[in-house]
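Q: I would like to learn how to read the features of a protein model step by step. Could you take me through one case, giving the general idea before the particular?

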Amino acid sequence: MGREGGAGGLTSARLPRSPRTAPLALPLPGPAQRMSGGDMAKPLLGHRSVEGDPTAPAAGRTIGVLGSGDFARSLAIRLVCSGFKVVVGSRNPKRKAGLFPSAAEVTFQAEAVKKTDVIFVAVFREHYSTLCDLADVLVGKILVDVSNNTEINHHKESNAEYLASLFPACTVVKGFNVVSAWTLQSGARDGNKQVLICSNNQEAKRTVAEIAQVMGFTPVDMGCMSSACEIENIPLRLLPAWKIPIFLALGLFLCFFTYNLVRQVIHPYIREQKNKFYKIPIEVVNTTLPCVAYVMLSLVYLPGVLAACLQLYYGTKYRRFPDWLDQWLQHRKQIGLLSFFCAALHAVYSLCLPMRRSHRYQLIEMAVKQSTLGFIALLISTLHTLTYGWSRAFDENQYKFYLPPTYTLTLLVPCTVILAKVIFSLPCIHHRLVRIRRGWEKGRYVKFVLPSATGEYSSGETSSHV
């Protein structure tokens with residue numbers, strides 16, 4: 001059995017630290033033992049074995065693992081490589097013994113539990129009840145719950161809290177659920193070495209943290225057991241900052257694709273009985289991609305324009321933006337990257353067309369690819385679009401089903417952003433906006449103390465704009 005929910009996606013993301021999630025300050029344990037064969041056999045701490053070293057409280061300790069799935073196997077391999085004695089508890093030890101390193105002892109669950117005080121529970125939540133027969137021998141043991149859920153907040157209580165309710169005589173610690181089986185086998189090489197740990201027992205939490213350190217990870221104290229639900233939800237939030245931008249890009253793509261499909265394929269088919277469905281996979285898509293890239297590039301700068309308008313209106317930078325605008329501001333980087341991605345796809349699609357068609361978009365491609373000059377790219381893209389379509393804007397043949405050309409729709413947001421930027425650059429408005437962003441507030445006064453001619457200090461007031 002393995003643990004629930006994949007945590008592999010979390011191994012490449014660096015987790016933010018809050019005051020409650022500071023790394024545990026533990027002494028670095030001594031080096032690990034070596035085992036033969038392969039890169040996985042190399043110890044994470046590159047020293048010789050120091051069994052019996054009093055400065056290494058976790059070295060040589062016997063650790064139990066309940067379960068025989070992929071995660072349990074990877075965990076056993078990493079523990080053995082780090083110098084621990086590992087005993088694996090399985091319902092079918094003879095059949096599962098060959099899956100684990102030879103240095104690990106594979107036996108029945110009841111026998112494994114008797115040989116250690118720290119046990120990693122690497123089984124699914126629904127199988128926790130099968131361990132109830134071990135309740136008597138589990139008394140006083142430390143149980144490390146490594147499971148995840150299949151959905152966010154799928155249960156009223158976290159898996160760790162549920163495990164603690166089944167075994168009240170044990171101390172449950174939540175940990176290692178944000179580490180994937182791959183990371184355990186290959187070592188923490190991708191920069192993410194954090195292991196989130198929470199428990200109501202400080203001593204048990206410290207013990208698990210020491211084990212994590214010997215394995216080459218950085219333990220992070222997440223507080224008491226009430227944090228377990230939050231920790232279990234982390235692996236399910238894969239690329240959370242990309243969800244809204246991706247849906248935005250897909251929505252724009254579907255809208256522009258449908259619009260172009262009607263103009264380029266359906267209109268000729270209905271009015272002229274011409275079959276142009278062959279244009280759908282290449283030309284229609286290639287016409288849609290630059291539209292999406294262009295609009296999304298403007299959406300990178302539009303929230304800044306709206307934020308500046310609100311700051312000018314309220315006369316302060318300390319008033320909180322609306323939640324939708326705050327979220328928009330936080331997703332600008334992702335929106336910009338997706339804009340570049342669509343532009344890059346457009347370049348690839350253009351290679352499938354004759355060069356006489358692809359040259360039309362070279363200017364916008366060169367502009368969008370200059371990621372450090374995003375607003376200049378927006379200006380050049382707008383100039384290109386206006387130059388390319390100015391003559392067509394007044395050609396009635398371009399209005400299929402009375403629908404204007406696609407590029408005219410894409411100009412709405414960029415032109416709004418550029419016009420707002422021009423207005424904000426006017427000295428009277430720019431000066432006021434700069435003062436607001438430096439702390440000036442409309443209608444507020446700052447009280448301060450002025451030195452007098454005699455060297456004494458007297459209080460005075462001045463308006464905040466002085």
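A: What follows is a reading of this predicted model, going from the whole chain to single residues.

Q: Where should I begin, and how many helices and strands does the protein have?

A: A sensible start is the inventory of secondary structure, followed by the figures for the chain as a whole. The protein has 17 helices and 10 strands, and of its 466 residues 47% count as buried. The accessible surface comes to about 24200 Å², and carbon and sulfur atoms make up 59% of that surface.

Q: What share of the contacts in the protein joins residues 24 or more positions apart?

A: If contacts with a separation of 6 or more are taken as the total, residues 24 or more positions apart account for 71% of them.

Q: How do I read aromatic pairs, and how many are there by this rule?

A: Two things are read for each pair, the distance between the ring centres and the angle between the ring planes, with planes under 30 degrees apart counted as stacked and those over 60 as edge-to-face. By this rule there are seven aromatic pairs. In one of them, the ring centres of Y128 and Y162 are 6.0 Å apart and the planes lie at 25 degrees, so this pair is stacked. The two tyrosines come from distant parts of the chain, 34 residues apart, with Y128 in the loop between β4 (118-121) and β5 (142-145) and Y162 in helix α4 (residues 159-166).

Q: Are Y128 and Y162 buried or exposed?

A: Burial is judged from the relative accessible area, with under 20% counted as buried and over 50% as exposed. Y128 has a relative accessible area of 0% and is therefore buried, whereas Y162, at 22%, is partly exposed.

Q: What else does Y162 touch, and which residue lies over the face of its ring?

A: Leaving aside residues up to four places away in sequence, Y162 touches R125, Y128 and E157. R125 lies over the face of Y162, at 4.4 Å from the ring centre. A second arrangement of this kind involves R319, whose charged end sits over the ring of Y314 at 3.9 Å from the ring centre.

Q: How are the rings of F176 and F217 arranged, and where in the chain do these residues lie?

A: F176 and F217 form an edge-to-face pair, with 6.4 Å from centre to centre and 85 degrees between the planes. F176 is in the loop between β6 (171-174) and α5 (181-186), while F217 is in the loop between α6 (202-214) and β8 (218-221), so the pair ties together parts that are 41 residues apart in sequence. Both count as buried, F176 with a relative accessible area of 0% and F217 with one of 3%. Together with F120, these two phenylalanines form one aromatic cluster.

Q: Which backbone angle deserves a look at F176?

A: The angle to look at is phi, which at F176 is near 70 degrees, a positive value in a residue other than glycine. Q273 also has a positive phi, of about 55 degrees, although it is not a glycine. Q273 is in the loop between α8 (243-271) and α9 (280-314), and with a relative accessible area of 60% Q273 is exposed, whereas F176 is buried.

Q: How do I describe two helices that pack together?

A: Two packed helices are described by the angle between their axes and by the distance between those axes. Helix α10 (residues 323-330) packs with α11 at an angle of about 50 degrees, and their axes are 4 Å apart. This makes α10 oblique to α11. The residues that meet there are W328, L329 and Q330 in α10 and R332, Q334 and I335 in α11.

Q: Is L337, a residue of α11, buried or exposed?

A: The answer falls in between, because L337 has a relative accessibility of 42% and so counts as partly exposed. L337 lies in helix α11 (residues 332-350), and its C-alpha atom is separated by 9.6 Å from that of A293, which is 44 residues away along the chain.

Key
Residues are numbered from 1 along each chain as its sequence is written. This is a predicted model: local features need pLDDT of at least 70, side-chain atom pairs count only at pLDDT 80 or more; totals for chains, interfaces and linings use all residues. Side-chain values use heavy atoms; hydrogens and water are left out. Buried means under 20% relative accessible area, exposed over 50%, partly exposed in between (1.4 Å probe, protein chains only). Contact means heavy atoms within 4.5 Å. Accessible areas come from the Shrake-Rupley method with a 1.4 Å probe; for residues, only the protein chains shown count as cover. Rings of Phe, Tyr and Trp (its six-membered ring) pair if their centres lie within 6.5 Å; planes under 30 degrees apart count as stacked, over 60 as edge-to-face and the rest as tilted. A charge sits over a ring if NZ of Lys or CZ of Arg is within 6 Å of the ring centre and within 35 degrees of the ring normal. Axes are lines fitted to C-alpha atoms, for helices over the stretch in contact, and angles run from 0 to 180 degrees between N-to-C directions. Angles under 35 degrees count as roughly parallel, over 145 as roughly antiparallel, 65 to 115 as roughly perpendicular and the rest as oblique.
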